[in-house]
Each structure stands twice: as structure tokens, then as C-alpha cells.
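Hi there,

Here is the structure I promised to pass on to you. Have a look at it first, and then read on.

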Amino acid sequence: MKNVFIFLGPPGSGKGTQTSRLAKELNFPHIDTGSLLRQNIKQQTPYGVEAKKYMDKGQLVPIEIVQNIIFERLKQEDAKNGYILDGYPRSIEQAYALEKIHDNLKEYWNDEGANVVAVYFDVPNEKLVERLVNRRSCPACGEIYNLLNKKPKNENLCDKCSVELIQRSDDNEETAKLRFETYNKETKPLLQYFEDKGNLKTINADQEIEEVWVELLKVVK
Ligand code: AMP
């Protein structure tokens, strides 16, 4: 049975940074709906044009768009043996939809299906806005930095590509607050959903990046 990790946590909880590292460690793809949607916006696909309206307001993009994007991504060969989902599912409705997708993928690959482990990145609310507004990323390789705890070596340049770092348009204080409201209303109930299924693991994500990494390895291996 393939392992599927679902990373849950509010915006700015450090899921993306840890997912990238774990993906390399396990040789699993890191599948992040936010990035897939931003790619669609960049390419101005019909999904991207529609998604942008919701993303600018810190709201969830309609489920049909996300389902289609994620299903197509999970059918790719590199996801055959397992994957890490970051930012999906983001509501109870999406969690049920994911169960259906997993049933469909079981048929598609003709395999035994998915063993799901949900990992919750726990960070106190008051730290989150500060983390988000200090977040920067490399538009070339996607590496994530933070001016508080993961600064680039040269000011505002990616350590790997030397490309100028950017700030996501929704990482401003106003949109960040709306994203937290959406998280609390739509996504937080997923903790109980996975707890009831007996597959929720919680880690303390309010620590140095290396310390979070050590805790993460303990729950995923
Ligand atoms: P993120 O990069 O995970 O912070 O996501 C950025 C934005 O993309 C969110 O505020 C939502 O508008 C949208 N988004 C990302 N993942 C999903 C999802 N699973 N369902 C609906 N909207 C999403």
C-alpha cells in the first residue's frame, strides 16, 4: 500500500518548507494545490483566471477546479508510489472528495490504494501573521525563505539560483487575516475528521526549522 501524507496547518505554519525536504528524503512528489493554482494563473488558463478571484480575497477556490487539478496531478507516474499533499484537502467537503479520488486511483493503478497519515503543524495564532508577511520565495526554483528564521545569504537573492526573491501577493497583512478566517472556518474541522479516523499526528511547529524536521521524521517513518 502506498503512503500518502497530508500536511495540515494554518497559513505560515511552515508546511511548505518541511514538505519540500521530506519529499526529497522519501523521493515522493510534493503536491501543493496553492502552487498548482498559481501556475494556472501564470499561464492564464481558464482555471487560473477563475481561481485568482478567490485567492485575492483569501477564500477557497471552488471545489471542482481543485478536484480536477489534483486528480490530474495524482495520475502522473511519479505519484504512483506515494505523495505528500500540502494545502489539500482544505475542507471537509474536499476530504470526502479525496476519498473518492483515492478510490478512483486504486482502479486507475490497479493497486491496493492509499494509507493516509495526516500531520498537523501546530503553531500559536499570534505568531502566524508575522511569519507570513516575512515570507519570500524564489520565482525560479520555489525555495521558501523567511526574513525571521530562514534568511537568504545575500539580501533578497535565492541561495541556489541568485534570482531576486518575491513576496506572494496574498502574503500581506490584510489578505493574511482573511486566509486565517477561512482556515478556522473551513480547514480546522479537518483535525477532528482525521482524529476520528485515527490517523492524525500533531507536531509542535513553533520551533526552529531543524527541530520541527526531527519531530516530523519521528511521525512519518
Ligand atoms: P497556499 O499557497 O496553500 O497558501 O494557498 C493560496 C491560496 O490558494 C489559498 O488562500 C486559496 O485561495 C487557494 N487554495 C490553495 N489550496 C486550495 C484548496 N485545496 N482548495 C481551495 N483553494 C485552495
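Below is what I found, going from the whole chain down to single residues.

Please keep in mind from the start that this is a predicted model.

**The whole chain**

The protein chain has nine helices and seven strands. Its radius of gyration is 17 Å, close to the 17 Å that the globule rule gives for 221 residues, so the chain is as compact as a globular protein of that length. If you draw a box around the C-alpha atoms along the principal axes, the box is roughly 50 × 40 × 35 Å.

How much of the chain is buried? Of the 221 residues, 46% count as buried. The accessible surface adds up to about 11,800 Å², and carbon and sulfur atoms account for 46% of that area.

Contacts across the sequence are worth a look too. Taking contacts between residues at least 6 apart in sequence, 69% of them join residues at least 24 apart. As for charge, the chain has 32 positive and 35 negative charges, and the mean positions of the two groups are 2 Å apart.

**The cysteines**

How many disulfides does the structure hold? The count is zero. Take Cys138, which is in no disulfide: the nearest cysteine sulfur belongs to Cys158 and is 3.7 Å away. A disulfide needs the two sulfur atoms within 2.5 Å, so a distance like this does not qualify. Cys138 is buried, with a relative accessible area of 3%.

Cys161 has a similar story to tell. The closest cysteine sulfur to its own is in Cys141, at 3.6 Å, which is too far for a bond. Cys161 is partly exposed, with a relative accessible area of 31%.

**Some unusual backbone spots**

Most residues other than glycine have a negative phi, and most peptide bonds are trans. With that in mind, here are three places to find on the model.

- Gln44 is not a glycine, yet its phi is positive, at about 55°. Gln44 sits in the loop between helix 2 (33–42) and helix 3 (46–55), and it is exposed, with a relative accessible area of 65%.
- Ser162 also has a positive phi, near 60°, and is a residue other than glycine. You will find Ser162 in the loop between strand 6 (144–146) and helix 7 (173–187).
- The peptide bond from Tyr88 to Pro89 is cis, with omega near 0°. Pro89 lies in the loop between strand 3 (82–86) and helix 5 (92–109).

**Four buried residues and what they touch**

Pro89 comes up again with Leu190, a residue of helix 8 (residues 189–197). Is Leu190 buried or exposed? Leu190 counts as buried, because its relative accessibility is 0%. Leaving aside neighbours within four places in sequence, Leu190 is in contact with Leu8, Pro89, Arg90, Ser91, Ile92 and Ala95. Leu190 and Pro11 are 179 residues apart in sequence, and their C-alpha atoms are 15 Å apart in space.

Tyr88, at the other end of that cis bond, is touched by Ala97; not counting residues up to four places away in sequence, Ala97 also touches Ile63 and Gln67. Ala97 is found in helix 5 and counts as buried at 17% relative accessibility. From Ala97 to Glu77 there are 20 residues along the sequence and 21 Å in space, C-alpha to C-alpha.

Next, go to the loop between strand 6 and helix 7, where Asp171 is found. Asp171 is in a loop and is buried, with a relative accessible area of 1%. Which residues does Asp171 touch, not counting those up to four places away in sequence? They are Leu132, Val133, Arg135 and Arg179. The C-alpha atoms of Asp171 and Tyr120 are separated by 21 Å, with their positions 51 residues apart along the chain.

Last comes Asn134, in the loop between helix 6 (128–133) and strand 5 (135–137). Asn134 counts as buried, at 18% relative accessibility; the cut-off is under 20%. Beyond residues up to four places away in sequence, Asn134 touches Tyr145, Asn146, Leu147 and Leu148.

Have fun exploring the model, and write back with any questions.

Best wishes

Notes: Residues numbered from 1 in each chain as written. Predicted model: local features only at pLDDT ≥ 70, side-chain atom pairs only at ≥ 80, totals over all residues. Heavy atoms only, no water. Helix = DSSP H or I, 4+ residues; strand = E, 2+ residues; numbered from the N terminus. Rg over C-alpha atoms; globule rule 2.2 N^0.38 Å. Buried < 20%, exposed > 50% of the residue type's maximum accessible area, 1.4 Å probe, protein only. Contact = heavy atoms within 4.5 Å. Areas by Shrake-Rupley, 256 points an atom, 1.4 Å probe, with all protein chains shown as cover. Lys, Arg positive; Asp, Glu negative; His and termini not counted. Charge placed at Lys NZ, Arg CZ, Asp CG, Glu CD.
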